[in-house]
Amino acid sequence: MNFYGFTLRLLFSIGALSSLMLTQQSLAQTTPVANVEVKQISTTDTAAEKKAEAIKLAAENDKLFSTPLFEGKMGLSLFVEDTYSGKNIANTPQNSYSKGYILGNLYATKDLYLSANLRLATSSGEKTTQNYFFDEGSAFFAELAIRYDADDYSLVAGHTSINYSLSRDFAAGIWGKTIAKKEYGVDNMMVLGGAYKFDTPGYGNHALSGSAFMVDTTGLSDTFGASRNPTPLSLGGPANTGKLNNYAVSLDGLNIPIFPQFRYQLAAVKLTTQSLYNVDTNTPVANQYLGNEQRYVVSTLVNKIDLGGGIKLTPLLEYNRIINSAGLAGYNKSYYVGSLLFGYKQWSFGLSGNVWDANWNAEAPNIKKLIPSNVYVSDRWNQQQVAIGYTFENGIKTMVGYKKENQYIGTTSQTVGLNVKYDLPFAF
């Protein structure tokens, strides 16, 4: 599409939006006007009217209104958590904080678009004992990338995450996705990649994707309104190389005829470690202790199994293996994830559990100093949680949950939490 055509798309999108406002359509409308009536030009129309009608007809033929110029959604989550930790029985912190997001796609054509995901959060949260939902807060881009998505292939370039792990998106409970995002999600990367999508009659839909990437040290990874700056290249670490010499590949599949609700993912990631700087001792780590980090995941999900009586069940199982974690040779981890999500009308009930282990005890003393978990006496940790939720007619979602963790020396942390969330889709 040339610049003139794109300008027409923009002008008529603005005109369509203005028309909606003038006719007092609901501000909550989420779908654009799809049909535009173009009257026949009569012999009494002026030249200006004929030209206007011709432009409208051309715009309609260009399918101006078949796809919105911009579509997305925004949301806000409020959290209240009360935690009892055996590490310090005198400390019973209660946290009240909020998270929000605005995400969407800005279309140049129906296949070519800019994808954005702006995340918002207050500066309180899990590591504080503050009690407020709104404060000075911060914002950062989880994604800002150019995408091209055709029927049988897709391309992406920009600041985004690597396609890795189903549990980071689908694990049940208030904190079901926390471990995946914190421990092994591959986020905040500068990515150049694509995927080939193929349908196999009798065997379902599949996609083979691959990408080259590096830690994003540009301003796109900056946090606005907070003191955290982009990760400097001088710190080194896995994938922080300043080069696209880190690689990821994944195979995803779903809609298999013999098991249509089944979905799977097999993925592998290599994060090159060229250097590593120890900020505690203000010295670089010797190359002999470094290793390229490798991540492997096998993940399966069965979507909404009908148990009868209107009850649906979505189970998820995932195994994740990390070799040379944090770029330290021989420091390996394993993660085992299980999740069960039940749904009944507007109700949900979720159970999820995580068990993870590491062999840091086998490391040399000078390497242990670099490992955050060197305060633990166990090589295995776990987290279990349960949550019940309800979605109101107006779209507000509420969830109450309980979480139990065993992480520190001979202790158990228990948390009770409440989450209230509202999402608002939009398009114009």
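## Burial and the Arg 147–Glu 143 pair

A residue is called buried when its relative accessible area is under 20%, exposed when that area is over 50%, and partly exposed in between. In this predicted model, Glu 143 has a relative accessible area of 14% and is therefore counted as buried. The side chain of Glu 143 meets that of Arg 147 in a salt bridge, with a distance of 3.0 Å from N to O. Arg 147, at a relative accessible area of 22%, is partly exposed, so that this salt bridge joins a buried acidic residue to a partly exposed arginine.

## Confidence in the model

The protein chain has an average pLDDT of 80, and 72% of its residues score at least 70. Over residues 1-45, by contrast, pLDDT stays under 50, and for this stretch the model has 47 contacts beyond four places in sequence.

## Further salt bridges

The count of salt bridges comes to 8, and one of them is formed by Lys 197 with Asp 149, whose closest N and O atoms are 2.6 Å apart. Because Lys 197 belongs to strand E6 (residues 189-200) and Asp 149 to strand E4 (residues 138-149), the pair ties together parts that are 48 residues apart in sequence. Lys 197 is partly exposed, with 25% relative accessibility, and Asp 149 is likewise partly exposed, with a relative accessible area of 33%.

Another salt bridge is formed by Arg 168 with Asp 169, and here the closest N and O atoms are 3.9 Å apart, which falls within the 4 Å cut-off for a salt bridge. Salt bridges that share partners join Arg 168, Asp 169 and Asp 187 into one network. Within this network, Arg 168 is buried, with a relative accessible area of 11%, whereas Asp 169 counts as partly exposed at 41% relative accessibility.

## Strand pairing around E9

Strand E9 (residues 246-256) pairs with strand E7 (residues 204-215) in the antiparallel sense, and 9 bridges connect the two. Within this pairing, Ala 212 has Tyr 247 of E9 as its bridge partner.

Strand E9 is also joined by 9 bridges to strand E10 (residues 259-271), and these two strands again run antiparallel. Val 249 stands opposite Ala 268 in E10, and E9 and E10 form a hairpin in which 2 residues lie between the strands.

## A nonpolar surface patch

A nonpolar patch of about 830 Å² lies on the surface, and the residues that make it include the aromatic side chains of Tyr 344, Trp 347 and Phe 349, together with Leu 307, Ile 311, Leu 340, Leu 351, Ile 388, Val 400 and Leu 418. Two elements give two or more residues to this patch, namely strand E16 (333-344) and strand E17 (347-358). The largest share, 3 residues, comes from E17.

Leu 307, one of the residues in the patch, is found in strand E14 (residues 305-308). At 46% relative accessibility, Leu 307 counts as partly exposed, because the partly exposed class lies between the limits of 20% and 50%. Patch residues are required to have over 30% relative accessible area, and the 46% of Leu 307 is therefore consistent with its place in the patch.

Technical notes. Residues numbered from 1 in each chain as written. Heavy atoms only, no water. Patch = residues over 30% accessible without salt bridge, like charges linked within 9 Å, V, L, I, M, F, W, Y side chains within 5 Å. Areas by Shrake-Rupley, 256 points an atom, 1.4 Å probe, with all protein chains shown as cover. Helix = DSSP H or I, 4+ residues; strand = E, 2+ residues; numbered from the N terminus. Buried < 20%, exposed > 50% of the residue type's maximum accessible area, 1.4 Å probe, protein only. Pairing = 2+ DSSP bridges. pLDDT = per-residue confidence, 0-100. Contact = heavy atoms within 4.5 Å.
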